[in-house]
Protein chains: 2
Amino acid sequence: MKKHCKTFVLSTLSGVLLAASVGAFAQQAPKPETLIKWRQSAYSVLGWNSSRIKASVEGQYNKDEVIKAANTIAALANAGIGSLFAPGTEQGKGWHDTATKPELFKDGKRVGELAGDFTREANELAKVAATGDAAAVKTQYGKLSKTCKACHDDFKIKD
Amino acid sequence: MKKHCKTFVLSTLSGVLLAASVGAFAQQAPKPETLIKWRQSAYSVLGWNSSRIKASVEGQYNKDEVIKAANTIAALANAGIGSLFAPGTEQGKGWHDTATKPELFKDGKRVGELAGDFTREANELAKVAATGDAAAVKTQYGKLSKTCKACHDDFKIKD
């Protein structure tokens, strides 16, 4: 094989290897728009399940509905949603333009506190939901809702 | 109060009551596009968490990641996603046009079987994930993935 052929083969090979490693990297690090879609979806699922609990505490109480909804919220609170706010997702479009304020990406301490509050109250709501005590669920749902609002006030762009 | 004034007050009142009852109804029965958004979001969250487990079983195993992801999938499998396929949501747009085939709304028996398979394998995956046994997780993740594919084959419009 002539020298320039070897060079071509080697450079093609390294190109293939580079493509393969980029492929592997892509699997480990999804695109920013995918992360934004996932986080928008996670909050949408939280909204769905919050509305189910709200319907129960403000209307006809349905123990099974509340348990399913509270367990789903708790699972998402423990799922590591924070990873969906990875660097590179400060701006962009998932299902729609991100509603996250740029400040969220600059104040990890405050975000961590708010996330901790949310997770604690969500886990507690799942426990209370299991008892079927409607009044206790209403109180705990109120506590959880405050942690949602606190984070929205600081870091969510108003509709 | 003159008669036409009374009529005005009564008709205004009934208008307010009608609006209030429509409001209450809206809370109990979200709009079809909202239900479609919620179900598309739920499947997107399932996709996120499936990809986390896939990354672990095909690459560097991360026990905590797999536990979080498997618990989230199990919570959603038990959340009652079926309610998001309520009558009136056969067609329409959530985040995008629905990818659900019309057949899903006509074959409750088959859908119930597939949903049961999915929930059973998802609950089992959550149990296996807790052990941290990477090989067992890989096997169980394969079983779960088959239940996803079975339903997509029958009832999801191809991209």
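A polar contact is here a pair of N or O atoms within 3.5 Å; within protein, one of the two must be able to donate a hydrogen and the other to accept it, and residues adjacent in sequence count only if both atoms are side-chain atoms. By that criterion the side chain of B:Thr119 reaches the backbone oxygen of B:Ala77 at 3.2 Å. The model is predicted, so that local features need pLDDT of at least 70 and side-chain atom pairs count only at pLDDT 80 or more, whereas totals for chains, interfaces and linings use all residues. Residues are numbered from 1 along each chain as its sequence is written, chains are lettered from A and ligands numbered from 1 in the order in which they are written, and side-chain values use heavy atoms, with hydrogens and water left out.

**Chain A as a whole**

Chain A has five helices and zero strands, where helices (H or I, at least four residues) and strands (E, at least two) are DSSP runs numbered from the N terminus. Buried residues, meaning those under 20% relative accessible area (exposed is over 50%, partly exposed in between; 1.4 Å probe, protein chains only), make up 31% of the 159 residues in chain A. Contact means heavy atoms within 4.5 Å, and residues 24 or more positions apart account for 71% of the contacts in chain A with a separation of 6 or more. The chain exposes about 9,200 Å², of which carbon and sulfur atoms supply 60%; accessible areas come from the Shrake-Rupley method with a 1.4 Å probe, and for residues only the protein chains shown count as cover.

**Helix spans**

The expected span of a helix is 1.5 Å times one less than its number of residues, and three helices can be set against it.

| Helix | Residues | Expected span | C-alpha to C-alpha, end to end |
|---|---|---|---|
| H3(A) | 15 residues | 21 Å | 21 Å |
| H4(A) | 24 residues | 34 Å | 35 Å |
| H5(B) | 22 residues | 32 Å | 31 Å |

**Helices H3 and H4 of chain A**

In H3(A) the buried residues are A:Val66, A:Ala69, A:Ala70, A:Thr72, A:Ile73, A:Ala74, A:Ala75, A:Leu76 and A:Ala77. Their cover includes H2, H4 and H5 of chain A together with H2 and H3 of chain B. The N-terminal end of H3(A) is capped by A:Asn62, a side-chain oxygen of which lies 3.2 Å from the backbone nitrogen of A:Asp64.

H4(A) buries A:Leu114, A:Phe118, A:Thr119, A:Glu121, A:Ala122, A:Leu125, A:Ala126, A:Val128 and A:Ala129, and what covers them includes H2, H3 and H5 of chain A. Just after H4(A), A:Gly132 takes a positive phi of about 80°. In helix H5 of chain A, A:Ala135 counts as exposed because its relative accessibility is 55%; its C-alpha atom is separated by 10.0 Å from that of A:Tyr61, 74 residues apart along the chain.

**Helix H5 of chain B**

At the start of H5(B), a side-chain oxygen of B:Asp133 reaches to within 3.2 Å of the backbone nitrogen of B:Ala135. The buried residues of H5(B) are B:Val137, B:Gln140, B:Tyr141, B:Leu144, B:Thr147 and B:Phe155. They cover an arc of only 115° around the axis, which puts them on the same side of H5(B), the arc being that of the directions from the helix axis to the C-beta atoms. On the other side, B:Ala135, B:Thr139, B:Lys146 and B:Lys149 are exposed, while the cover over the buried residues includes helix H2 (32-58), helix H3 (63-77) and helix H4 (108-131) of chain B.

**The nonpolar core and two buried polar residues**

A nonpolar core is a set of buried Ala, Val, Leu, Ile, Met, Phe, Trp, Tyr and Cys residues joined through side-chain atoms within 4.5 Å. Of the 58 residues in the largest such core, A:Ile53 and B:Ile53 touch the most other members. The elements giving two or more residues to this core are H2, H3, H4 and H5 of chain A together with H2, H3, H4 and H5 of chain B. Not counting residues up to four places away in sequence, B:Ile53 touches B:Val66, B:Ala69, B:Ala70, B:Ile73, B:Leu125, B:Val137 and B:Tyr141.

B:Thr119, in helix H4 of chain B, counts as buried because its relative accessibility is 18%. With residues up to four places away in sequence not counted, B:Thr119 touches B:Ala77 and B:Asn78. A:Ser44, in helix H2 of chain A, is buried with a relative accessible area of 11%, and leaving aside its neighbours within four places in sequence, A:Ser44 is in contact with B:Lys37, B:Trp38, B:Ser41 and B:Trp95.
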